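Dear colleague,

I am handing over the structure below, together with some notes on what was found in it. Please look through it before reading on.

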Amino acid sequence: MRIEFLGHSCFTVETGGKKLLVDPFISPNKLAAEIDVDSIEVDYILLTHGHEDHVADAEKIAKNNNATLISNFEIVSWYKNKGIEGHEMNHGGNWSFDFGDLKYVNAVHSSVLPDGTYGGNPGGFVLKSEGKTLYIAGDTALHMDMKLLPVTSGKIDLAILPMGDNFTMGVNDALIAADFIECDEIVACHFDTFGYIVIEDKDAAVKKFKAKGKNLTIPAVGQEINI
Ligand code: NI
Ligand code: MN
């Protein structure tokens, strides 16, 4: 499974012979200015929730690629009205796609689409493919349901956790989340993009994880992670 960080909470995941794009917020992101949205080639777009900083480029990239959008029922319905193909899910549900198994799981946050349409409840994803398990938390607080993930999904090989604080967990709560999900390989997201969410001392954050036997990657835009 090959993962590339495209800034904020946006990642591509190449697995099972397909390319997935998670939460595209690229063209409005000054930190991702070197990425050309029109050159992105994907088969699927996964949206954790409806906020602008997760869906900004979803419509354009979906139409450029004739990609299938995967999210909760409300968000997929909104995109289907724009002529985009989609697969609706809801919390606790798993589906076997041609790239692997995907489960939509709980997040504690909010969700509204850019035009004010109700965006359902926010979520995250557990992706199982090529013998590996990836947890994409989405925007979320630390919550007790995270303890269910190793029970229901088994060993999590890598987790992408928001860590910028203010709108989501900060570093300290993310460290507890890593314990709850029993995962030692953590990648940070949702940091530095705009005010309120800057991780000021990245070395200190990495050290806090290391002290608990966990490896924290705070990725640069364009950085690749393989599991
Ligand atoms: Ni959000
Ligand atoms: Mn967000």
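**The two metal ions**

The nickel ion (ligand 1) and the manganese ion (ligand 2) are 3.0 Å apart, with Asp139 coordinating both. His51 sits in the loop between β4 and α1, whereas Asp139 belongs to the loop between β10 and α4, so this pair ties together parts that are 88 residues apart in sequence. Please keep in mind that the model is a predicted one.

Around the nickel ion (ligand 1), the protein donors are His49 (NE2), His51 (ND1), His109 (NE2) and Asp139 (OD), which lie 2.2 to 2.3 Å from the ion. The angles subtended by these four donor atoms run from 88 to 176°, which makes the arrangement irregular, because four donors count as tetrahedral if all angles lie between 85 and 135 degrees.

The manganese ion (ligand 2) is coordinated at 2.1 to 2.2 Å by Asp53 (OD), His54 (NE2), Asp139 (OD) and His190 (NE2). Of these, Asp53 lies in helix α1 (residues 52-55) and Asp139 in the loop between β10 (132-136) and α4 (148-153), so that this pair ties together parts that are 86 residues apart in sequence.

As for the surroundings, Asp139 is buried, with a relative accessible area of 2%, and Asp53 is buried as well. His51 is also buried, with a relative accessible area of 16%, and, leaving aside its neighbours within four places in sequence, His51 is in contact with His109, Ser110, Ser111 and Val112.

With kind regards

Notes
Residues numbered from 1 in each chain as written. Chains lettered and ligands numbered in written order. Predicted model: local features only at pLDDT ≥ 70, side-chain atom pairs only at ≥ 80, totals over all residues. Heavy atoms only, no water. Donors = N, O, S within 2.8 Å, 3.2 Å for Na, K, Ca; no water. Helix = DSSP H or I, 4+ residues; strand = E, 2+ residues; numbered from the N terminus. Buried < 20%, exposed > 50% of the residue type's maximum accessible area, 1.4 Å probe, protein only. Contact = heavy atoms within 4.5 Å. Tetrahedral: all angles 85-135°; square planar, octahedral: opposite > 155°, others 65-115°.
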